[in-house]
Each structure stands twice: as structure tokens, then as C-alpha cells.
Amino acid sequence: MSPFTGSARSTDDWHHIGVERDDGVVTVTLNRPERLNALTFGAYADLRDLLAELSRERSARALVLGGTGRSFCSGGDVEEIIGATLSSDTAELLDFNRMTGQVVRAIREAPFPVVAALHGAAAGAGAVLALAADFRVADPSTRFSFLFTRVGLSGGDMGAAYLLPRVVGLGHATRILMLGDAVTADEAERIGLVSQSVKDGEADDAARALARRLADGPALAHAQTKALLTAELDLPLSAAVEMDAATQALLMHSDDYAEFHAAFTGKRAPVWQGR
């Protein structure tokens, strides 16, 4: 755990999401199956705050994000959120939209990989949460739907217009974000939106297995790889190569790098410490 976690204690009880910890793997579950796990104001805030806590603590080495019932997440709750936003002033609306964007930033900037376990609807904000994850494990029932234009809003919500073209290319992203049509699991795999396809009902187990593999691996190397993947999206090659060089020079002083050499020469598996 980082010695610089801040003055506040870690939160033990999250009211709007389920949180389980298992030896470095944190499983976060959206648990409103009767509403297809539609997000509330409280759920957004809990996700934002949990990710910030985990990033400070450095106890998590991988995170699984999933949903109970028939779907991963159907997006923002129409009754709670859209109804409230119709009566909100501009300052309140800006605060809300910034909060939703902070959740996406927290996923992308977290110093550990995030694995989305997908089935059924991944719609609206749910589609963007899945998009923000480092890995998307999906079963055949998965349907991605970026529905923002269909409710009269910009398709570039919560960073979707930044992230989606970088995952599937500008042409596919333009079609998906402007039209709001559902993207099936088969199409999502074809265009690179899905990292791993699994059989019906196996997304949760496969996502946990992947998270365990990541958590048992070289966590420091994973964290720095994720950081570089995000940072270098907007860098010219010369700056990216220099950032790579500086990062590798630092990691070559790490215990994990020395452990690899010791394990290789000793003909054994490395025991990664994440430092």
C-alpha cells in the first residue's frame, strides 16, 4: 500500500456498487438487475471515488467491472438522471457531466488493468465504461449501443469521441456514435471492440481469470505499460520513444527486473512483487 494515501480512511461500505477484494483482484459489480444496472448519481459517484481510493492505496493489481442479471449496464437511469437533468441549471449540468467524465478518466488513469465482463446490454454510459476498460470480455449476448444522439445529445459523451476512434478507427467510430445502432458481439470482435469472446454465461468467470493472471504478474510493468498506452496516444513518435526510454531506465532499477534475472538463471518461475 502506498504511504501517501491521504488523510481519509478507506471506505468499507459502498452503497451503490458491490465491491469484493481477493488478493489484489477487486471485483466491482453493478447490482440493479431490475433496471438492467442503470446508473444513478450515487453509482457514478461511488465508481469515481472507489477508483480514486484504489489508485492511491496501490493495493489493487487488477479490477473486474461487471453487472448482475440480464445485462452489464443499460446506461444512465432514465427516471432518476434524465428527469433530474431537465430541471437542472447549467452549472449543475456541468457538474454532473464532469463527474461522469471523471469516472472514465479514473478507469484510464488507474495504475492497474481494468477488465470489463460483458453480457446483454452495454448501452449509453455502460458502453463508455466498457470502452474505457483495458480489456473487454464479452459473451454472444453482448450488444454495445452508444445511444447519446438518440436522446438528442452529442455522441461524444464521457470521452467516447476520444476513445472509440482509437480502438476501432475513425470510420467505425463515426458510424457507431452518430447513428447509435447496436453493435453485436460478432461485429464488436471483428472491429476490435472486444478483447476476448467467450461462450454464453462465461464472461464473468473469464474476466476474473484474466484479472487473476494480471494480478499475479508483474504489476509495476503492467501499470507503466497502461500509463504509456494512454500518455502516448497524443505524442509524436520522438516524444513517445523518449518517454519509453526514461520509463525503461527506471524499471531496470526495479526489484521485479532483478527477480526476472534471478528466476531465469535459477531456472524457476519469477515471484513478482510489483516494485
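Helix H1 gives the largest share of the lining of the largest cavity, with three residues. Keep in mind that this is a predicted model, and that every value here is computed from it.

So what else goes into that lining? H1 covers residues 41–57, and strand E3 covers 62–67; each of them supplies at least two residues of the lining. The full set is Val28, Leu47, Leu50, Leu51, Leu63, Leu65, Ile107 and Val114. Sort those residues by class and you get eight nonpolar, no polar and no charged. The space they line has a volume of about 40 Å³.

How many cavities of 30 Å³ or more are there? The count comes to two. The second largest cavity also has a volume, about 40 Å³, but look at what lines it. Here you'll find His16, Leu30, Asn31, Arg32, Asn37, Ala38, Leu39 and Ala43. This lining is a mix: four nonpolar, three polar and one charged. As for how such spaces are found, rolling a probe the size of a water molecule over the atoms shows where empty space is left.

Now for the helices, and how they pack in pairs. Here are the angles and axis distances.

| Helix pair | Angle | Distance between axes |
|---|---|---|
| H4 (residues 125–132) and H5 | about 55° | 10 Å |
| H5 (residues 160–168) and H6 (residues 170–179) | about 135° | 7 Å |
| H9 (residues 219–231) and H10 (residues 237–251) | about 170° | 11 Å |

Take H9 and H10, which pack at about 170°. Angles over 145 degrees count as roughly antiparallel, so H9 is roughly antiparallel to H10. Which residues meet there? From H9 come Leu220, Gln224, Leu228 and Ala231, and from H10 come Met243, Asp244, Thr247 and Leu251. In this contact there are five nonpolar residues, two polar and one charged.

Next up are H4 and H5, with an angle of about 55° between them. That angle makes H4 oblique to H5. The crossing of this pair is left-handed. On the H4 side, Val128, Leu131 and Ala132 take part, and they meet Ala160, Leu163, Leu164 and Val167 of H5. By class, this contact has seven nonpolar residues, no polar and no charged.

H5 packs with H6 too, at about 135°. H5 and H6 are therefore oblique to each other, and their crossing is right-handed. In H5, the residues involved are Ala160, Ala161, Leu164, Pro165 and Val168; in H6, they are Leu170, His172, Ala173, Ile176 and Leu177. The split in this contact is nine nonpolar, one polar and no charged.

It's worth pausing on H5 while you have the structure open. Find Ala160 and Leu164: they meet residues of H4, and they turn up again in the contact with H6. H5 crosses H4 in a left-handed way, while the crossing of H5 with H6 is right-handed.

Note on methods
Residues are numbered from 1 along each chain as its sequence is written. This is a predicted model: local features need pLDDT of at least 70, side-chain atom pairs count only at pLDDT 80 or more; totals for chains, interfaces and linings use all residues. Side-chain values use heavy atoms; hydrogens and water are left out. Axes are lines fitted to C-alpha atoms, for helices over the stretch in contact, and angles run from 0 to 180 degrees between N-to-C directions. Helices (H or I, at least four residues) and strands (E, at least two) are DSSP runs, numbered from the N terminus. Angles under 35 degrees count as roughly parallel, over 145 as roughly antiparallel, 65 to 115 as roughly perpendicular and the rest as oblique. A crossing is left-handed if the near helix is turned anticlockwise from the far one by less than a right angle, and right-handed if clockwise. Contact means heavy atoms within 4.5 Å. Ala, Val, Leu, Ile, Met, Phe, Trp, Tyr, Cys and Pro count as nonpolar, Asp, Glu, Lys and Arg as charged, and the others, Gly among them, as polar. On a 1 Å grid over the protein atoms alone, a cavity is a set of points where a 1.4 Å probe fits but cannot get out, and a pocket is an open set with protein on both sides within 12 Å along at least five of seven lines; lining residues have an atom within 4 Å of a point. Grid points are joined across faces, edges and corners, and a volume is the space filled by probe spheres set on the points.
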